[in-house]
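Please look through the structure shown here before reading the report that follows.

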Amino acid sequence: MRDKGNLDRISSLPDELLVNILSSLPTLSAVQTSILSSRWRHFYTLTRNLSFDDREYFGTASLAQSEERRLSFERFVDGVLALHGISPIHKFSLKLQRTSDFDCPHLPMWITAAILKGVQHLDLFIGKQPNALPSCTFDCQTLTALDIFANNGYDLSALGLVCLPSLRTLKLNNIKILDGDSVNRFFVGCSHLKELYLHFCRFTTYHVCVSATELRTLNIICCNGHLVIDAPKLLNLLHVCMPPFVGVGVKNLCSLLSVELCPLLTSKPPQILHEIIRGANNARELILKFSAVQLLTVVGDNPMPTYSKLEKLQHGYCCRDTWKYLMVWLKNSPQLKTIIFEKGLIKMDDTEDELHLDVAFPPFSSNVKTIKVHQFRGRKLELLLLKYLLENAGVLQRLILIKDDTMEMMQELQVRKELPLLPRASTYCTIELIEP
């Protein structure tokens, strides 16, 4: 290496490998390599991925400079697309984050150019561009992934033909489809979807049910409307909702393996989550955040179903009432093997007097092998709850306690003395107190 410290090893690589390297860079950086030598001059025109981000052009430009920078950015994109070689475009990424408040008449032409070159993945941040998406965006035979982020709520209502037979992944962020016919037409045209991500979207004001027969992964975050997705092959579901709790529902959940539910800013879970938790009785993993833990109890006159395949339960924000719900869950989950307390065993303001273990908590028998407790503080009430778990978990192998940042050294020393003395039903159980 010392003898050949000035050797240009990168330029000695094969052309195909160099093109692959440039394809992984932002297009502006790839174009800048054209000044290295005559051999590098045209490599960027062969790249299979084009990535344009206007923030690279604007930087800290003042308002007076913004128009000039915008025009320069448009000329750059026009030039790259005009000079791009015969290579098809695998991914076309366009981020108009600084120009979102300007009219960009070239945008439909750029998208059309990418589609004509057989683009497979479109990743768009379109801002407030009126009529930004040409009709060919939704009639592309080669498109396998489509990401659309609109910072001002782009409206896809009154869509024409939607025919995306190769589309497998769809991500919509801050999109509106307020017409029921457009909602139906949109999802019918994406009949082979495997992954669907809906973030902060608004849908029709009247009930619409769409079929997604091939869907495997569904993420719903803070969407509004009256949309129900029928997904008989769904495996993974994330549902985050907040008031007014009228959003995207899911039915036909017999195939679900993993479910994460998170209602925000409420103490009472909405009905839409009750329906999901009841339909997910074949799930193997459940993650319940915030007030979703109340879904562990009886709703109305109908008892919770049996979760015969559930192996992992993770939940947060435990309180006195949560433990009563948890007992119902343990009883109805005979195959449960892992329990994770994400926010500790109990709330800070719950007292021992409010928790009557002998009366409120009946004995239980389970197959739980691992219990993990985050934010463990070593309070007397927490030790009582650990004692209850240890006395009933007959096959428990590991109890992992992750210390809270507020635990003082003297308290930690005292807890380390008391933990080995807790009675346990399992002779194989180890107790670990570890750093966060």
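## R216 and its salt bridge

In this predicted model, R216 counts as partly exposed, because its relative accessibility of 25% falls between the limits of 20% for buried and 50% for exposed residues. The side chain of R216 meets that of E214 in a salt bridge, with a distance of 3.7 Å from N to O.

## E214, K233 and the network

E214 also takes part in a salt bridge with K233, where the closest N and O atoms are 3.4 Å apart. E214 belongs to the loop between strand 8 (208-211) and strand 9 (217-221), while K233 belongs to the loop between strand 10 (227-230) and strand 11 (236-241), so this pair ties together parts that are 19 residues apart in sequence. K233 is, at 37% relative accessibility, partly exposed.

These contacts are part of a wider arrangement, since K194, E214, R216 and K233 are linked in a network of salt bridges. In the model as a whole, the count of salt bridges comes to twelve.

## A salt bridge between two strands

Another of these salt bridges joins R398 and E432, whose closest N and O atoms are 2.8 Å apart. R398 lies in strand 18 (residues 398-403) and E432 in strand 19 (residues 430-434), so the pair ties together parts that are 34 residues apart in sequence. Both partners count as partly exposed, R398 with a relative accessible area of 36% and E432 with a relative accessibility of 24%.

## The sheet of strands 8, 10 and 12

Strands of a sheet pair through backbone hydrogen bonds, and this pairing is either parallel or antiparallel. Here, an open sheet of three strands follows the order 8-10-12, and its pairing is parallel. Strand 8 and strand 12 (248-251) stand at the edges with a single partner strand each, so one side of each is left without a neighbour in the sheet. On average, and with direction ignored, neighbouring strands of this sheet are turned by 25° against each other.

Strand 8 and strand 10 pair in the parallel sense over four bridges, and S211 stands opposite D230 in strand 10. Helix 6 (residues 180-188) packs on the sheet, where this helix touches strand 8 and strand 10, and its direction makes about 10° with that of strand 8.

## I177, a buried residue

I177, which lies in strand 5 (residues 169-177), is buried, because its relative accessible area is 0%. Leaving aside residues up to four places away in sequence, I177 touches several others, among them D155, L156, V183, F186 and F203. Although I177 and C201 are 24 residues apart along the chain, their C-alpha atoms are separated by 8.1 Å.

Definitions and conventions
Residues numbered from 1 in each chain as written. Predicted model: local features only at pLDDT ≥ 70, side-chain atom pairs only at ≥ 80, totals over all residues. Heavy atoms only, no water. Buried < 20%, exposed > 50% of the residue type's maximum accessible area, 1.4 Å probe, protein only. Contact = heavy atoms within 4.5 Å. Salt bridge = Lys/Arg side-chain N within 4 Å of Asp/Glu carboxyl O. Pairing = 2+ DSSP bridges. Axes fitted to C-alpha atoms, helices over the stretch in contact; angles between N-to-C directions.
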